[in-house]
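User: I would like to go through this model with you one question at a time, and I would ask you to give the reasoning behind each reply.

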Amino acid sequence: MRAVVQRVSQASVSVEGRVAGAIDGPGLMVLVGVTHDDDPGKARKLASKLWGLRILQDEKSCSDLNAPLLVISQFTLYGDTRKGRRPGWTAAAPGPVAEPLVDAVVHELRNLGAKVETGEFGADMKVSLVNDGPITLIVEV
């Protein structure tokens with residue numbers, strides 16, 4: 001699994017003009033991509049990493065501050081741009097594989113005590129955020 005994590009002061013995701021999920025920071029906005037060999041164990045590991053990642057103010061984590069997370073599925077994180085001008089998507093897991101694993105990350109975060117908002121899997125989403133820092137990391141498990 002691969003995630004792009006941004007420290008934010010606020011973030012939201014809209015689908016067809018309505019807000020599907022929103023957080024007010026400090027918190028994390030997380031784009032999650034799934035590849036073919038990912039499994040529920042990797043989803044648990046990613047959730048634990050996100051919950052404990054010390055990138056908020058004063059090297060605090062979401063678990064330290066009970067800070068919210070906005071988690072959004074993002075198959076394009078596995079886009080391959082090494083050849084040509086058009087990305088290839090073969091490394092991205094198909095929806096029936098990816099959706100339950102993104103849901104597992106959200107479920108595990110909630111089990112850890114996190115307040116989690118989400119987008120809608122497979123929807124055309126509009127994401128707005130205020131990156132705080134800016135801090136942006138790529139996390140892989």
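User: In which loop is A123 found?

Analyst: This is a predicted model, and its strands are numbered from the N terminus. On that numbering, A123 belongs to the loop between strand 4 and strand 5.

User: Is A123 buried, partly exposed or exposed?

Analyst: Buried means under 20% relative accessible area and exposed means over 50%. The relative accessible area of A123 is 24%, so this residue counts as partly exposed.

User: How many Å apart in space are A123 and V139?

Analyst: In sequence, A123 and V139 are separated by 16 residues. Taken from C-alpha to C-alpha, their separation in space is 23 Å.

User: In what order do the strands of the open sheet stand, and why is one side of strand 4 and of strand 5 left without a neighbour?

Analyst: The open sheet is formed by 5 strands whose pairing is mixed, and neighbouring strands are turned by 30° against each other on average, with direction ignored. Strand 4 (116-118) and strand 5 (125-140) each have a single partner strand, so one side of each lacks a neighbour in the sheet, as befits their place at the edges. The order is 4-3-2-1-5.

User: Which residue of strand 2 stands opposite A11?

Analyst: Strand 1, residues 2-15, pairs with strand 2, residues 18-33, in the antiparallel sense, and the pairing runs over 13 bridges. In strand 2, the residue standing opposite A11 is I23.

User: What angle does the direction of helix 1 make with that of strand 2?

Analyst: Helix 1, residues 40-52, packs on the sheet, where it touches strand 1, strand 2, strand 3 (69-73) and strand 5. Between the direction of helix 1 and that of strand 2, the angle is about 110°.

User: At what angle to strand 4 does helix 3 run?

Analyst: Helix 3 covers residues 95-111 and lies across strand 2, strand 3 and strand 4. Relative to strand 4, helix 3 runs at about 160°.

User: Which residues form the aromatic pair, and is the pair stacked or edge-to-face?

Analyst: The structure holds 1 aromatic pair, with both partners in the loop between strand 3 and helix 3, 14 residues apart. F75 counts as partly exposed at 48% relative accessibility, and W89 counts as partly exposed at 37%. The ring centres are 5.1 Å apart with 65° between the planes, and because planes over 60 degrees apart count as edge-to-face, the pair of F75 and W89 is edge-to-face.

User: What is the N to O distance in the salt bridge of D80 and R82?

Analyst: Side chains of opposite charge can pair when their charged atoms come close. D80 is partly exposed, with a relative accessible area of 29%, whereas R82 is exposed at 74%. Their side chains meet in a salt bridge with an N to O distance of 2.8 Å.

User: Which residues are joined into one network by salt bridges that share partners?

Analyst: Among the 7 salt bridges of the structure, one links D37 with K42 at 3.8 Å, and another links K42 with D38 at 3.7 Å. D37 is exposed with a relative accessible area of 54%, K42 is partly exposed with 23%, and D38 is buried with 9%. Through the shared partner, the residues joined into one network are D37, D38 and K42.

Note on methods. Residues numbered from 1 in each chain as written. Predicted model: local features only at pLDDT ≥ 70, side-chain atom pairs only at ≥ 80, totals over all residues. Heavy atoms only, no water. Pairing = 2+ DSSP bridges. Helix = DSSP H or I, 4+ residues; strand = E, 2+ residues; numbered from the N terminus. Axes fitted to C-alpha atoms, helices over the stretch in contact; angles between N-to-C directions. Contact = heavy atoms within 4.5 Å. Phe/Tyr/Trp six-rings, centres within 6.5 Å; stacked < 30°, edge-to-face > 60°. Buried < 20%, exposed > 50% of the residue type's maximum accessible area, 1.4 Å probe, protein only. Salt bridge = Lys/Arg side-chain N within 4 Å of Asp/Glu carboxyl O.
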